[in-house]
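Me: Got a minute to go through this structure with me? I'd like to start with a side-chain contact and then wander a bit.

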Amino acid sequence: MVARQVSSLVSFLITFAVLPHVVKGVSRLKYSTKRREPGPKETEGIPTALELFNDDTVVDSIGINNITNVGTSDILDVIVIGAGWSGLGAAKYLKTKGFNVKILEARDYIGGRAQSTTVDGITINTGANWLISYECNPLSEFFDSIEAEMQNYTFDYTFYDKNGAIEDSLLDSYADYLYSGGWINRAYSDSYMIESDEPLLKSAKPIMNKIDKLSKPKRKKRVLSALQTAWYEIPYGQRMEQASLWYWDAGAFLCGKESYWKVVQESMADIATKFAEDVTSDIRLNTVVTKIDYSSDDLVQVIAKDSTDDTIIKTYHARKVILTVPLGVLKSGNIDLELTQEHQNSINNMAMGKQIRFFMFWEASDVFWPGDAGSLYDTMSKENSEKIVFHVGSTLRGTNASESPFLVGVLSSEEALRLEEKYAIKKDMLYKEKLTELAMKPLRRMFLGAPEPKATLAPNWNVDPFAFGVYSTNPVNGSPYMRKELAKPLDKKVFISGEATSLDYYGSIHGAYLTGVRTAKHVKRVLKKEFGGR
């Protein structure tokens, strides 16, 4: 089987990471000065999650009694919108500095895109469930301190054609020559030679044309197409005809590409709730923000409705607001917020990755896949149209197949996304039936006679009104600088945070956390300058 280091984008990721991201063994592109100036690492000066969790400093609140009376005593120093890792990091930091903070969360749980459920006694994280570069991840010490159950993971893919599993030696040669040595090198070279950005797909065409001169060109093309889909399109949630040749791989590793990943085995939502311990009383769940008005000289007004009863409208006032909703929500326009043209351009020109995670469960006696496999991909579909990679549950959990008899299909085809759009919200059962039909086609080509799953689970992140996708990506002309532009405050009153504002660690939990604390530190400096004190 072919193992490849997975770089940080992402799974949610998804993606999976949340994110969980592109699989390849090559170094990241070093940008020329025309694209990206080197800057300080985003981790500098940011406390780790454990340091923040253990910080029980008690500081008197600076108070806001002298600010214009708006007819309510519920005036806050800072409102944080969103109780994911970015919002929690921001709120906890400000709380340790003595600020009066409230967190408004639209969902009925803490964690944002870190959502969990249980099937047949197995904890399933339907969103974020990876910790990337564990040995230097700012969240890892906290996860260790609460003894979170985790499993080391190396991405190991088995590709199938009509003859069965493609031999390791053959696939290695294809991966090295066609993918790493051919397409990747050409993509990196092309990115320096062109004067304007273009789709990543364009760099693949000359390699495909070259293959025509080789022996067995059809097979080689199918394999290269499969490698591109399994190692790029599905993890990023972005088709190659949309991805930026300049910036498709613009993130950074925390501590080198050889660092290792861990898969979290217990509920990520429960872990987020544990991290939120000392701010839990400040969190308002089921609170959907509909408008942010910062036109007043003194206060920002936030209007929200109750998600369980939209006739209940609440109004909050604060000195500052930190907005941590996903890029997909910003794109939707569901929050009435006056943006600058620069902010709107950044939102428009970045992309939200789209992928579907489909969990399929069998009886232990029905397991038909190799128990030692990592991930499975069928290269036999016409023009690689199905775009489904299957991650083996027992490998994710470090058990044998009979203990974890499930597969996680990750889909990115237009057909799968169309089904989600059409059925996921109102016809969940039909949606899962349709996805099962899609997923069983490649499974039965790889494993003749594979039985139907006994149960399925299909999260719908791409149509979820509080996500609209899995994590941010870089489309054509989607410069990383747009992330920096998005993070600029609106009139020094509204501050946008979240993984989409991270230049280096977008698409990851640690990216979300780091931007949350970074933004909170900025808010603290602004408040100190405006009102004195700490």
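Me: Which backbone oxygen does the side chain of Thr-324 reach, and at what distance?

Reply: That's the backbone oxygen of Ile-81, at 2.6 Å. Keep in mind that this is a predicted model.

Me: Where does Thr-324 sit in the chain?

Reply: In the loop between strand 16 (309–323) and helix 8.

Me: And is Thr-324 buried or exposed?

Reply: Buried, because its relative accessibility is 9% and the cut-off for buried is under 20%.

Me: What else does Thr-324 touch, skipping residues up to four places away in sequence?

Reply: Besides Ile-81, Thr-324 touches Val-80, Gly-82, Ser-86, Gly-87 and Ser-497.

Me: OK, pockets. How much space is in the second largest one?

Reply: About 650 Å³. Thr-324 comes back here: of the 44 lining residues, the closest to the pocket's centre are Thr-324, Val-325, Pro-326, Val-329 and Phe-466.

Me: Which elements give two or more residues to that lining?

Reply: Helix 2 (85–96), strand 14 (287–293), helix 8 (327–332) and helix 14 (509–531). Strand 14 has the largest share, with 4 residues.

Me: How does the lining of the second largest pocket split by class?

Reply: You get 24 nonpolar, 15 polar and 5 charged residues.

Me: Switching to the packing. In the largest nonpolar core, which residues touch the most other members?

Reply: Phe-159 and Trp-183, out of 52 residues in that core. Several elements supply at least two residues each, including strand 10 (156–161), helix 4 (168–193), helix 6 (217–236) and strand 22 (406–411).

Me: What does Phe-159 touch, again leaving out residues up to four places away?

Reply: Quite a list: Gly-164, Ala-165, Ile-166, Leu-171, Ala-226, Leu-227, Ala-230, Trp-231, Tyr-377 and Thr-379. Apart from the largest core lies another one, of 49 residues, with Tyr-93, Leu-254, Ile-283 and Tyr-505 among them.

Me: What about Phe-368, where is that?

Reply: Phe-368 is in the loop between strand 19 and strand 20. Its relative accessible area is 18%, so it counts as buried.

Me: Which residues is Phe-368 in contact with, leaving aside neighbours within four places?

Reply: Trp-362, Leu-407, Leu-443, Phe-447, Ala-450 and Pro-451. There's also a C-alpha separation of 9.5 Å between Phe-368 and Pro-405, which are 37 residues apart along the chain.

Me: Next loop along. Where does Ser-381 lie?

Reply: Between strand 20 (375–378) and strand 21 (388–392). Ser-381 is buried at 6% relative accessible area, and its side chain reaches the backbone nitrogen of Ser-385 at 3.3 Å. Beyond four places in sequence, Ser-381 is in contact with Glu-386 and Arg-445.

Me: I should check the backbone too. What's phi for Lys-387?

Reply: Near 55°, so positive in a residue that isn't glycine. Lys-387 is in the loop between strand 20 and strand 21, and it's buried, with a relative accessible area of 16%.

Me: Why does a positive value deserve a look?

Reply: Because most residues other than glycine have a negative phi.

Me: And what's phi for Ser-133?

Reply: Near 45°, a positive value as well. Ser-133 is found in the loop between strand 8 (130–131) and helix 3 (140–145), and it's buried at 1% relative accessible area.

Notes. Residues numbered from 1 in each chain as written. Predicted model: local features only at pLDDT ≥ 70, side-chain atom pairs only at ≥ 80, totals over all residues. Heavy atoms only, no water. Core = buried A, V, L, I, M, F, W, Y, C linked by side-chain atoms within 4.5 Å. Buried < 20%, exposed > 50% of the residue type's maximum accessible area, 1.4 Å probe, protein only. Contact = heavy atoms within 4.5 Å. Polar contact = N/O pair within 3.5 Å; in protein donor to acceptor, adjacent residues only side chain to side chain. 1 Å grid on protein atoms, 1.4 Å probe; cavity = no way out; pocket = protein on both sides within 12 Å on 5 of 7 lines; lining within 4 Å. Points joined across faces, edges and corners; volume = space filled by probe spheres on them. Nonpolar A, V, L, I, M, F, W, Y, C, P; charged D, E, K, R; others polar.
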